[in-house]
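These are my notebook entries on a single chain. I began with the strand pairing and then turned to the chain as a whole.

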Amino acid sequence: MIKYYLVWGGIMFKNFKILDEKDKRLRQISKEVTFPLSKDEKQTIDDVMTYLKYSQIEKYAKKYNLRAGWGMSAIQIGIDKRWFVIVEELEDGSFKNYFFANPKIISNSTEMIYVEQGEGCLSVNRDVKGIVPRYARITVEAQDTNGKKFTMRLREDIAICVQHEMDHLEGMLFFDRIDKKNPFKGMNIYRGI
């Protein structure tokens, strides 16, 4: 699971070996997370958050050959559990960390959106063209690292990211949602962001 440690500025972080789209494990439905989480599980979650943060900082991404990513599901690093992490860079340059265990979408908008530049994935090392329709707004129910249930309303970019990661928990990759015969189907119906 862990490739090796990287050290910069006296801080050590783990560079994960991320499963490639050809790995059959990415196609399995992940198992429910049980609580309490072990110390090792919590450390892995922290390590994934740190990895995602540095992957979005250009100088470290270049130095350590990290592909920039906002989110990562447990299955992408070979852990068969229903959790994922999102690290969002804010306008002021700081980062906001999200952790979702056993998530469920409990409501969604009728409006559909898509990423104009196309979605990407740390497990997909190629450019995939096409429209990936996503709900513009969702309400998610999930559990935090202590097992406490919470509800969160999300919109736009972060809503897309959560839906992308939730697909991983069901053994889906983003390109499964692209129409095979007409990859840009819905371009005139859905709103690009």
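Entry 1, the open sheet. I looked up the sheet order and found three strands forming an open sheet in the order 7-6-10, with mixed pairing. Strand 7 (134-135) and strand 10 (191-192) are its edge strands, since each pairs on one side only. For this I took helices (H or I, at least four residues) and strands (E, at least two) as DSSP runs, numbered from the N terminus, and two strands as paired if DSSP finds at least two bridges between them. Strand 6 (residues 112-114) pairs with strand 7 in the antiparallel sense over two bridges. I noted Met 112 opposite Tyr 135 of strand 7.

Entry 2, the source. This is a predicted model, in which local features need pLDDT of at least 70 and side-chain atom pairs count only at pLDDT 80 or more, whereas totals for chains, interfaces and linings use all residues. Residues are numbered from 1 along each chain as its sequence is written, and side-chain values use heavy atoms, with hydrogens and water left out.

Entry 3, strand 8. I checked burial next, where buried means under 20% relative accessible area, exposed over 50% and partly exposed in between (1.4 Å probe, protein chains only). Strand 8 (residues 137-143) is largely enclosed by the rest of the structure, because five of its seven residues are buried. I then traced its partners. Strand 5 (residues 95-108) runs antiparallel to strand 8 and is joined to it by five bridges; there, Ala 101 has Gln 143 as its bridge partner. Strand 9 (residues 149-155) is also paired with strand 8 in the antiparallel sense, over seven bridges, and Ala 142 is bridged to Phe 150 of strand 9. Strands 8 and 9 form a hairpin with five residues between them, and Gly 147 in the turn has a positive phi of about 90 degrees.

Entry 4, the whole chain. I recorded three helices and 10 strands, arranged from the N terminus as β-β-α-α-β-β-β-β-β-β-β-α-β. How does the radius of gyration compare with that of a compact globule? The chain has 16 Å, which agrees with the value near 16 Å for a compact globule of 193 residues; the radius is taken over C-alpha atoms, and the globule rule is 2.2 Å times the number of residues to the power 0.38. The C-alpha atoms fill a box of roughly 50 × 40 × 35 Å along the principal axes. Buried residues make up 47% of the 193 residues.
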